[in-house]
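Reader: Hi! I have a structure open and I'm not sure where to begin. Could you walk me through it?

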Amino acid sequence: MKAIIDIDNIRRDFIVGEETVHALRGVTFTINEGEFVTIMGTSGSGKSTLLNILGCLDTPTSGEYRLDGTPVRTMTKTERAVLRNRKIGFVFQNYNLLAKTTAVENVELPLMYNSSVGATERRERAITALTRVGLADRLYHKSNQMSGGQMQRVAIARALVNDPAVILADEATGNLDTRTSFEILVLFQELHREGRTIIFVTHNPEIAQYSSRNIVLRDGKIRDDIVNHDIQDATVKLAQLPVNDD
Amino acid sequence: MNFTNLFKIALKAINANKMRSFLTMLGIIIGVASVIAMLAIGQGSKVSIQQNIAEMGSNMIMIRPGADQGPGGARQSADNMETLTLADYESIVNQNKYLAAVSPNVSSGGQLIFGNNNYQTSVTGVSEGYLTIRQLKVESGVMFDESDIKTSAKVCVIGKTIVDNLFPDGSDPIGQIVRFNKIPMKVVGVLKSKGYNSMGMDQDDIVLMPYTTVMKRILAQTYLSGIYASAVTEDMTDLAIDDITSILRANHRLREGEEDDFSIRSQEELSSMMNSTTSMMTTLLACIAGISLIVGGIGIMNIMYVSVTERTREIGLRMSVGARGIDILSQFLIEAILISITGGIIGVLVGMSAAFAVKSVLHWPISIEAWTVALSFIVCTITGVFFGWYPAKKAANLDPIEAIRYE
């Protein structure tokens, strides 16, 4: 198995006024290709800090982080931006789509910052990604003309378009109603089955049973790291839910 | 990062926020439009003031006999000196390089009589060029011509005051015979009224005759009491004075070191007044124009700055999908430049239409010069970039973690 994410005893300290806050106090784990990992924890457990580090938005105070074999800790801001562009797909709780911009243009965004992809290829890849998430008929809808579920699908398509080593989802179902949440979860499970590596940060314990592994953080340390051998199928649960009337 | 993509990104961002882009542009539009309208109106008034002053005869040069010392060192009155002659006048006419018109000047006082009306005045013997020099116009009838001068014709052109005094019943003076010191003269023309000058002298109390007539038939003298000339433009007055000086010195066979036996005066007072008026006007306009542009620039900075805050999430998102600081900086700068240039073009059009509106509604003189348009356009673009730089830099330095979670 190829290790996509390899973190070794990372610590992250923040200096707030006179005090030093230890957000992460020595976290070590490896995530292999094709895993669907949920990272859980209450607020203040350090899961946001960990997500920032995994997403190369932040660097650890000490310890080493290798993303797809590349050491990240000593990289400059600009190098990390390029790394994010090529290796990571983000999905946010509040979608973060560009306002008044079509779905296809939103999905093209990461490729706009990659000069090795030409305009024609960019458009083709965006359309492929949108088709993959089931929005082939809404390519030219603007972000403000779509429902929350549709916007999150656009965001997932945007995360897929650069063919990343890992997809980082931050409370990706947090703003959605139950049924739409499960629809998105079904999509994540499908992507997992296709061999994608997914890290899903959430505080909803229910989601853990649909992933292949669950890491629980508490006070900046790993409390539990359990491999789930009995992955539930989200489509089953979705079928049980009442259909939205409105 | 390739520039085409950045350009597309900036264009899309402007397009997605038409209202905000328009408001940003508005500052520049108003700035450029007011500069252009202001300069057009200002230049227009400047030109019209210059014309008005020129009409008062700012190009006029007066040559008087003078600096001549009689026996025993007593200075004589210029009128009695005999150093300026027709030969001098002819040399100036033939040799000058910077003059538009030259006229001799001889005058004689006396009584002008028509019927039972009379008026005490003086007659001035001149050539046709005198009209140009003094900015006089013949209102009715004609000016005497070259052949009248050759034949010392007994003709005269009279001013409004003379007409009022000799023809109080309103009859047409043209063709009438008036008598000056018992010499009958035919009135051939009447001058357009000029009113009083700034010294309180009546400029319509004037009788013009061919200089030959005054010299031969009235005064019986061979010398001139002065020569009037007019430089081609006001700027050339000094050159013209030097030119005339050398012509006259050669004519009078003055050796180096000898004093001039004539004196030349120009309307320095008028021209210095004109210069100070126009330079004050230019400074004033430049100040107003500068303020307008700074206000426009601050408008751009203001909205760009607010826009960075408003767009923090967007910037955070762009950074999380791999935009580097330089990409964000370039995007914001390109947006600022595009907005400034578009605003500049619209501003030029609005400013020019405003100027033409002022011209057609208020009938003020306007003058739009290419350099004012070019200048305000260039300055607005530079202002846009200059004031766009700071917010762009601020956007580029945002922390993506903070930015993406910004509410």
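Author: Happy to! One term to start with: two strands pair if DSSP finds at least two bridges between them. Also keep in mind that this is a predicted model.

Reader: Okay, so which strand of chain B does strand 1 pair with in the antiparallel sense over 4 bridges?

Author: That is strand 9 of chain B, residues 226–231, while strand 1 of chain B covers residues 60–65. One of the bridge partners to look for is Ile227(B) in strand 9, which is matched with Ile63(B).

Reader: And how many bridges join strand 1 of chain B to strand 10?

Author: There are 5 bridges between strand 1 and strand 10 of chain B, and these two strands run antiparallel as well. Strand 10 spans residues 262–266. Within strand 10 of chain B, Ser266(B) is the bridge partner of Ile61(B).

Reader: Nice. Zooming out, how many helices and strands does chain B have?

Author: Chain B has 13 helices and 10 strands. It is 407 residues in length, and 40% of those count as buried. Among contacts in chain B with a separation of 6 or more, 82% are between residues 24 or more positions apart.

Reader: Let's look at helices. At what angle do the axes of helix 3 and helix 8 of chain B cross?

Author: At roughly 135 degrees, with the axes coming within 10 Å. Helix 3 of chain B here is residues 86–95.

Reader: What do you call an arrangement like that one, and why?

Author: Helix 3 and helix 8 of chain B are oblique to each other, because their angle falls outside the ranges for roughly parallel, antiparallel or perpendicular, and over 145 would be needed for roughly antiparallel. The crossing of helix 3 of chain B with helix 8 of chain B is right-handed. On the helix 3 side of chain B, the contact uses Ala87(B), Asp88(B), Ser91(B), Ile92(B) and Gln95(B), and helix 8 of chain B brings Ile244(B), Ile247(B), Leu248(B) and Asn251(B). By class, the residues in this contact between helix 3 and helix 8 of chain B are 5 nonpolar, 3 polar and 1 charged.

Reader: New topic! Where does Lys182(B) lie?

Author: Lys182(B) is in the loop between strand 6 (177–180) and strand 7 (183–191) of chain B. Its phi is positive, about 75 degrees, although Lys182(B) is not a glycine.

Reader: Is Lys182(B) buried or exposed?

Author: Exposed, because Lys182(B) has 8 C-beta neighbours inside 10 Å, and 12 or fewer is the cut-off for exposed. Arg253(B) is also worth a look: its phi is near 55 degrees, a positive value in a residue other than glycine. Arg253(B) sits in the loop between helix 8 (237–251) and strand 10 of chain B, and with 7 other C-beta atoms within 10 Å it is exposed.

Reader: What about Thr278(B), which helix is that in?

Author: Thr278(B) belongs to helix 9 of chain B, residues 268–310. With 17 other C-beta atoms within 10 Å, Thr278(B) is partly exposed. Leaving aside residues up to four places away in sequence, Thr278(B) touches Lys46(B), Ile49(B) and Gln50(B). The C-alpha atoms of Thr278(B) and Val47(B) are 9.0 Å apart, with their positions 231 residues apart along the chain.

Reader: Last one: how many residues of chain A are in contact with chain B?

Author: On chain A, 22 residues are in contact with 20 residues of chain B. Helix 2 of chain A gives the most to that side, with 6 residues. The chain A side has 11 nonpolar, 6 polar and 5 charged residues.

Conventions:
Residues are numbered from 1 along each chain as its sequence is written. Chains are lettered from A and ligands numbered from 1 in the order in which they are written. This is a predicted model: local features need pLDDT of at least 70, side-chain atom pairs count only at pLDDT 80 or more; totals for chains, interfaces and linings use all residues. A residue is buried if 20 or more other C-beta atoms lie within 10 Å of its own, exposed if 12 or fewer, and partly exposed in between; C-beta atoms are placed from the backbone. Two residues are in contact if their C-beta atoms, placed from the backbone, lie within 7 Å. Ala, Val, Leu, Ile, Met, Phe, Trp, Tyr, Cys and Pro count as nonpolar, Asp, Glu, Lys and Arg as charged, and the others, Gly among them, as polar. Axes are lines fitted to C-alpha atoms, for helices over the stretch in contact, and angles run from 0 to 180 degrees between N-to-C directions. Angles under 35 degrees count as roughly parallel, over 145 as roughly antiparallel, 65 to 115 as roughly perpendicular and the rest as oblique. A crossing is left-handed if the near helix is turned anticlockwise from the far one by less than a right angle, and right-handed if clockwise.
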